[in-house]
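Dear colleague,

I am handing over the structure below, together with some notes on what turned up in it. Please read the notes with the structure open beside them.

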Amino acid sequence: MICHVLTRKTPYEPKSRSERPRVTDIRSDRQIQRMASSQKMSVREITGASRLQISNNTVYRRIIESGYMIHAKMARRLPISKLHISKTLQWARNHMLYGDKWMAVLHSDEKNGTRWT
């Protein structure tokens, strides 16, 4: 086998393998990458917004293929201690009779989760 390759007059090139054709083209790949970077959309949101029938894994692979996007996950937080729970309850008891003033207070305890940056 090796002697055949060495004595061959044309250079050796491996045979091209037949692969499954890609579901997305270059244009839809760029659209996926644009959605992930500019609109801060998750993989599921991008899958739902795209007009193609593609899986979450395909969207994830196309984002990774871009090479310039970094997957960032939020750091885990420690669970609330008993001291914090008791202080929070005491604060809530002190402010129970705050009345209509609560309408001017903005409460936000949302966590964003995983985002692409």
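I begin with one residue, Arg62, which is buried because its relative accessible area is 5%, under the 20% that marks the limit for being buried. Please keep in mind throughout that this is a predicted model. Arg62 is found in helix 4, which covers residues 56-66. Leaving aside residues up to four places away in sequence, Arg62 touches Arg22, Val23, Thr24, Asp29, Ile32 and Gln33.

One of these contacts deserves a closer look, since Asp29 forms a salt bridge with Arg62, in which the closest N and O atoms are 3.3 Å apart. Asp29 lies in helix 2 and Arg62 in helix 4, so this pair ties together parts that are 33 residues apart in sequence. Salt bridges that share partners join Arg22, Asp29, Arg62 and Glu65 into one network.

The other links of that network can be followed from Asp29, whose side chain also meets that of Arg22 in a salt bridge, with an N to O distance of 2.9 Å. Asp29 is itself buried, with a relative accessible area of 10%, whereas Arg22 counts as partly exposed at 47% relative accessibility. The side chain of Arg22 in turn meets that of Glu65 in a salt bridge, at 3.2 Å from N to O. This pair links distant parts of the chain, given that Arg22 sits in the loop between helix 1 (2-7) and helix 2 while Glu65 is in helix 4, 43 residues apart. Glu65 is partly exposed, with a relative accessible area of 46%. By the rule applied here, the count of salt bridges comes to 4.

Turning from the network to the chain as a whole, the protein chain has 5 helices and 2 strands, and read along the sequence these follow the pattern α-α-α-α-β-α-β. The protein chain has 117 residues, of which 17% count as buried; Arg62 and Asp29, described above, are both buried. Among the contacts in the protein chain with a separation of 6 or more, 63% are between residues 24 or more positions apart. The accessible surface of the protein chain comes to about 11100 Å², and 55% of this belongs to carbon and sulfur atoms.

Two patches on the surface may also be of interest to you. What kind of surface patch do Arg27, Arg30, Arg34 and Arg51 form? The patch formed by these four arginines is a positive one. Arg30, one of its members, is found in helix 2, which runs over residues 26-38, and at 47% relative accessibility Arg30 counts as partly exposed. Helix 2 is also where Asp29 of the salt-bridge network lies.

The second patch is nonpolar, has an area of about 290 Å², and is made by Ile80, Ile85 and Leu89. Within this patch, Ile85 has its place in helix 5, residues 82-94, and Ile85 counts as partly exposed because its relative accessibility is 42%, which falls between the limits of 20% for buried and 50% for exposed.

If you would like a starting point for your own look at the model, I would suggest Arg62 and the residues it touches, including Arg22 and Asp29, and after that the two patches.

With best regards

Note on methods:
Residues numbered from 1 in each chain as written. Predicted model: local features only at pLDDT ≥ 70, side-chain atom pairs only at ≥ 80, totals over all residues. Heavy atoms only, no water. Patch = residues over 30% accessible without salt bridge, like charges linked within 9 Å, V, L, I, M, F, W, Y side chains within 5 Å. Areas by Shrake-Rupley, 256 points an atom, 1.4 Å probe, with all protein chains shown as cover. Lys, Arg positive; Asp, Glu negative; His and termini not counted. Charge placed at Lys NZ, Arg CZ, Asp CG, Glu CD. Helix = DSSP H or I, 4+ residues; strand = E, 2+ residues; numbered from the N terminus. Buried < 20%, exposed > 50% of the residue type's maximum accessible area, 1.4 Å probe, protein only. Contact = heavy atoms within 4.5 Å.
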